[in-house]
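Hi everyone, thanks for making room for me today. Let me put the structure up on the screen, and then we can walk through it together.

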Amino acid sequence: MYKKWILNFLIYGVTFCILFTGFNFLIDPYGVFGHTNRLSKVKNHIASDRMTKFYYIKREKPKTILIGTSRIGVINPKYVEKYTKDKVYNLSLSGSSIEEQYEYIKFLIDKTQVKNIIWGIDFFSFNPDSRLPFSFSKKRLKKDLYMGDYRDSLFTLDAFIASLSTLKDNIRKIPEKVNLKTGQNQFLEHKNGFRTQGILFLDRKIKEGLQGYKKTKELYGSKNFKYPKNIDKKFIYIKEIINLCKKRNINLKVYVSPIYVKTLKLIYELNLFKTYKYFQINLAQITSFWDFNQNLEITSNKANFWDNSHMREKIGNLVIDTIFCKNIRYGKFITPSNVLKHLEKIEKICKSKN
């Protein structure tokens, strides 16, 4: 009797493990295995963009990469393809620091056939208090097979719950938040909120965003960020990427993301403008870049943004048009010879009461 109980326990246990693992494998909620059947096409419950987008890039094999924080996420890779004539992927990494972006760009240069990189750089990515997130793993970028991701995707309760939620979304035909095949963020929450509440929704998102930037240590709420020399280490990463791109004959285009004018003024109000100037002056010494924050036609119109810092897709299109066609109507091409005058204009905007 006892042996029979043990045998039944083992049979049921093994069967449960097989079904549990098989279900997670079939639904593939984190996109690790590339399964996109009708029950798992939409994946709104990924563990992290760091994990999932990494595997999509490996499968899609894009020749052009958009990389930066969530601010670059709105840009439509299909729009960029009209200029590059190849496959484009949007590798936006929410809240990422320059160090983390450096690690991903280095991986792309070393391990893929990337030919073009469009790097959207943000001031807060230079914050000396920023840390690599828990979801980031150097082993993932260095190993051909990273078992940690397979374990988390197949054998964890979190993956099972994500699988159930993913299955439910696909049965109900819920739209995808991020087009993982291209990497573009759809900003569904913002679109739905604006459609139902109009300008009141936008005003609330701007207010919440400004408060968050002010309080969050990794954004603008850092005392260490007020001292320019504290960001020196960040420029080492940028220099290395510039050198790698030149060595591998990779076309690198750099721009500073446009932000709503009140966010720009917040930098000044929090006594971070000295560091902001240091950031732009040193960046210009390393590489020329496009900046859009002197253009009030873009930054003062809240209808161009989803909140205090994320531009809408139409502005993303203008950014792409500008950096490929060198259209100075919308952006300013920054070099060592004009960066100081450019910063004078930015400072005037920050000081204005409008």
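Let's start inside. Arg 71, Asp 122, Phe 123, Tyr 220, Val 256, Ser 257, Ile 259, Tyr 276 and Asn 293 line the largest cavity. Please keep in mind that we are looking at a predicted model. The largest cavity holds about 40 Å³ of space, and the structure has 1 cavity of 30 Å³ or more. How does the lining of the largest cavity divide by class? There are 5 nonpolar, 2 polar and 2 charged residues. For anyone who likes the picture behind such searches: rolling a probe the size of a water molecule over the atoms shows where empty space is left.

Now for the open side of things. The largest pocket comes out at about 750 Å³. Its lining takes in 37 residues, and those nearest the centre of the pocket are Asp 49, Ser 70, Ser 94, Gly 95 and Asn 185. Which elements give two or more residues to that lining? They are α2, residues 49-60, and α8, residues 188-197. As for the chemistry of the pocket lining, 17 of the residues are polar, 11 are charged and 9 are nonpolar.

While we are on α2, have a look at Thr 52, which sits in that helix. Is Thr 52 buried or exposed? Its relative accessibility is 0%, so Thr 52 counts as buried. Beyond its neighbours within four places in sequence, Thr 52 makes contact with Tyr 30, Gly 31, Ile 46 and Leu 180.

On to the strands. Strand β2, residues 88-92, is mostly covered, with 5 of its 5 residues buried. In a regular strand the side chains alternate between the two faces of the sheet. In β2, Tyr 89 and Leu 91 point one way, while Val 88, Asn 90 and Ser 92 point the other, and all of them are buried. β2 pairs with strand β1, residues 64-68, in the parallel sense, over 5 bridges. One of the residues to click on there is Gly 68, whose bridge partner in β2 is Ser 92.

Then there is β6. It pairs with β3 in the parallel sense over 6 bridges, and Asn 116 has Asn 251 of β6 as its bridge partner. β6 is also joined by 2 bridges to strand β7, residues 289-291, and these two run parallel as well. If you want a residue pair to find on the screen, Tyr 255 stands opposite Trp 290 in β7.

Next, two helices. α10 covers residues 232-247, and at 1.5 Å a residue its 16 residues should span 22 Å; the end C-alpha atoms are 23 Å apart, which agrees. The buried residues in α10 are Lys 234, Phe 235, Tyr 237, Ile 238, Ile 241, Ile 242, Leu 244 and Cys 245. What do they pack against? The answer is α4 (98-111), β3 (116-121), β6 (251-256) and α12 (273-286). Just after α10, Asn 249 takes a positive phi of about 60°.

For α12, the same check on length works: 14 residues at 1.5 Å a residue should span 20 Å, and the end C-alpha atoms are 20 Å apart, which agrees. Among the buried residues of α12 are Phe 273, Tyr 276, Phe 279 and Leu 283. Tyr 276 also appeared in the lining of the largest cavity.

Since phi came up, most residues other than glycine have a negative phi. Two more residues go the other way. Lys 173, which is not a glycine, has a positive phi of about 60°; Lys 173 is in the loop between α7 and β4, and is exposed, with a relative accessible area of 73%. Asn 271 also has a positive phi, near 60°. Asn 271 lies in the loop between α11 and α12, and its relative accessible area of 54% makes it exposed.

Last stop, Asn 170 in helix α7, residues 157-172. At 10% relative accessibility, Asn 170 counts as buried, since the cut-off is under 20%. Apart from its neighbours within four places in sequence, Asn 170 is in contact with Arg 38, Leu 39, Ser 40, Lys 41 and Val 42. And how far is the C-alpha atom of Asn 170 from that of Asn 243? They are 45 Å apart, with the two positions 73 residues apart along the chain.

That's my tour; thanks for listening!

Technical notes
Residues numbered from 1 in each chain as written. Predicted model: local features only at pLDDT ≥ 70, side-chain atom pairs only at ≥ 80, totals over all residues. Heavy atoms only, no water. 1 Å grid on protein atoms, 1.4 Å probe; cavity = no way out; pocket = protein on both sides within 12 Å on 5 of 7 lines; lining within 4 Å. Points joined across faces, edges and corners; volume = space filled by probe spheres on them. Helix = DSSP H or I, 4+ residues; strand = E, 2+ residues; numbered from the N terminus. Nonpolar A, V, L, I, M, F, W, Y, C, P; charged D, E, K, R; others polar. Buried < 20%, exposed > 50% of the residue type's maximum accessible area, 1.4 Å probe, protein only. Contact = heavy atoms within 4.5 Å. Expected span 1.5 Å × (residues − 1). Pairing = 2+ DSSP bridges.
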